[in-house]
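Student: I should like to work through this model by question and answer, beginning with one of its helices.

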Amino acid sequence: MEDFPIRTLEMVCLGSSVALSGLFYYIYRKKCKTVDKLNEAPVLPLDEKLADLLNATPGKCLQYVVVEGTVQSIGEPLRSQFQEGSVGVIQKLVLREHKLVWNSLARTWTDSERVLHQRVNAVPFNLLGVNKAFVRVLCPLEATGPKMEIVHEKFHQASYGFTDLIGQYLSGEKPKGQLETEEMLKVGASLTAVGELILDTDRLPKIRPPTDGSEYFLSTDDFETLRLEQEGQAEVWRVLACICALAGVAVLMWAGRRYYRQLKLRWEQENMRREFEMMGAGERGEEENGMDVSENACVICLSNPRGCVLLDCGHVCCCFRCYQALPQPICPICRQNIKRVVPLYQA
Ligand SMILES: [Zn+2]
Ligand SMILES: [Zn+2]
């Protein structure tokens, strides 16, 4: 397992960076498709000719078009619960709880937010163009956007006594209060709709979520802003995908470098062993010749001749086999670190 070129942690890092990069790339491609479709989408003027144009179109349906107009409710509009006189067609009421939570890792109180309650109301509405021409907007809640106007925002401060303080100390949570907001798409707001335009059986032009799965947009910005915003988002996903891919490459290079070093070290050791082995053959020859090796004997095993020079101290005190068996690379004579070992050649 030791010479397996990649470690578990590196494997996890590599796996997650590849997975994230793939995911981000997928989102990026999807965004690109949306941007392409937006670039191709014709902006139709909202006037009395629109119904005729649709009538002349085969299938009485235009796949992906842009229309701009002002919001007009068909029946009774929604009234703001908090702001007198505000009327709209989509209303969103949200109650959020804000509290401080003790973060034991960072040793600070951090803000935390939670949606306690949310309610969205909508009434049918039209986009009004020039000369009383209009388009009915279907399924507005399925659309991306619109950013709605905040008509009411109020923070209710939490109040607490002494016993609450003890409770907070024990639980590590301090309630700050509740934020109440009301957002509205107001009657009269200008709206850009991007979707599928149809002429229904009641001969009214209607815009609805595209049946081919393209993104349906309702935006209070103009079309150009919406398009640029989508392009910007695509770019963000592209950058994220690149960063993750680079991180994956970095992990691979890191593992590769370590593996290369391991190989190099083993190769050097192998070379040295061979060199010493060749010398060993010579030593045995000397022994056989009846030469006295006792005063030249290794200080550890006391039998083999001393065969290596330990550097940097330079001591010649042991045979190569004993050097290899040393528990730590430390000279047995002077206790200096052994940085390198070279075979001793006796001519
Ligand atoms: Zn020895
Ligand atoms: Zn030494």
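Student: How many of the ten residues of helix H3 are buried?
Tutor: The model is a predicted one, in which local features need pLDDT of at least 70 and side-chain atom pairs count only at pLDDT 80 or more, while totals for chains, interfaces and linings use all residues. Residues are numbered from 1 along each chain as its sequence is written, and chains are lettered from A and ligands numbered from 1 in the order in which they are written. A residue is buried if 20 or more other C-beta atoms, placed from the backbone, lie within 10 Å of its own, exposed if 12 or fewer, and partly exposed in between. Helix H3 covers residues 162-171 and lies largely in the open, because its number of buried residues is zero.

Student: Where in the protein is confidence lowest, and where is it highest?
Tutor: Confidence here is pLDDT, the predictor's own score for each residue, from 0 to 100. The mean pLDDT of the protein is 86, with 93% of residues at 70 or more. The lowest mean, 78, belongs to H3, and the highest, 92, to S12.

Student: What is the radius of gyration of the protein, and why does it indicate a spread-out form?
Tutor: The protein has five helices and 14 strands, where helices (H or I, at least four residues) and strands (E, at least two) are DSSP runs numbered from the N terminus. The globule rule, 2.2 Å times the number of residues to the power 0.38, is compared with a radius taken over C-alpha atoms. For 347 residues the rule gives 20 Å, and the protein is more spread out than a compact globule because its radius of gyration is well over that, at 39 Å.

Student: How far apart do the C-alpha centres of domain 1 and domain 2 lie?
Tutor: Domain bounds come from an automatic or database assignment, which divides the protein into domain 1 (41-221) and domain 2 (292-343). The C-alpha trace spans about 120 × 70 × 25 Å along its principal axes. The two domain centres are separated by 82 Å.

Student: Which strand gives the most to the largest nonpolar core?
Tutor: A nonpolar core is a set of buried Ala, Val, Leu, Ile, Met, Phe, Trp, Tyr and Cys residues joined through C-beta atoms within 7 Å. Of the 29 residues in the largest one, Val67, Leu127, Val135, Ala193 and Phe217 touch the most other members. At least two residues come from each of several elements, including helix H2 (49-56), strand S2 (61-73) and strand S10 (190-199). With six residues, the leading contributor is S10.

Student: What secondary structure do residues 236-256 adopt?
Tutor: UniProt, in an unreviewed entry, lists residues 12-28 and 236-256 under "transmembrane region"; its positions are given in the numbering used here, feature names are shortened, and annotations may be inferred rather than shown by experiment. Over residues 12-28 the chain is 100% helix, with end C-alpha atoms 24 Å apart. For residues 236-256 the end C-alpha atoms lie 30 Å apart, and the span is 0% strand and 100% helix.

Student: Is Lys132 buried or exposed?
Tutor: Lys132 sits in the loop between S6 and S7. Its phi is positive, about 60°, although it is not a glycine. Because Lys132 has 9 C-beta neighbours inside 10 Å, it counts as exposed.

Student: Which residues are joined by a cis peptide bond with omega of about 10°?
Tutor: One partner, Asp312, is in the loop between strand S13 (308-311) and helix H5 (320-325). The cis bond joins Leu311 and Asp312.
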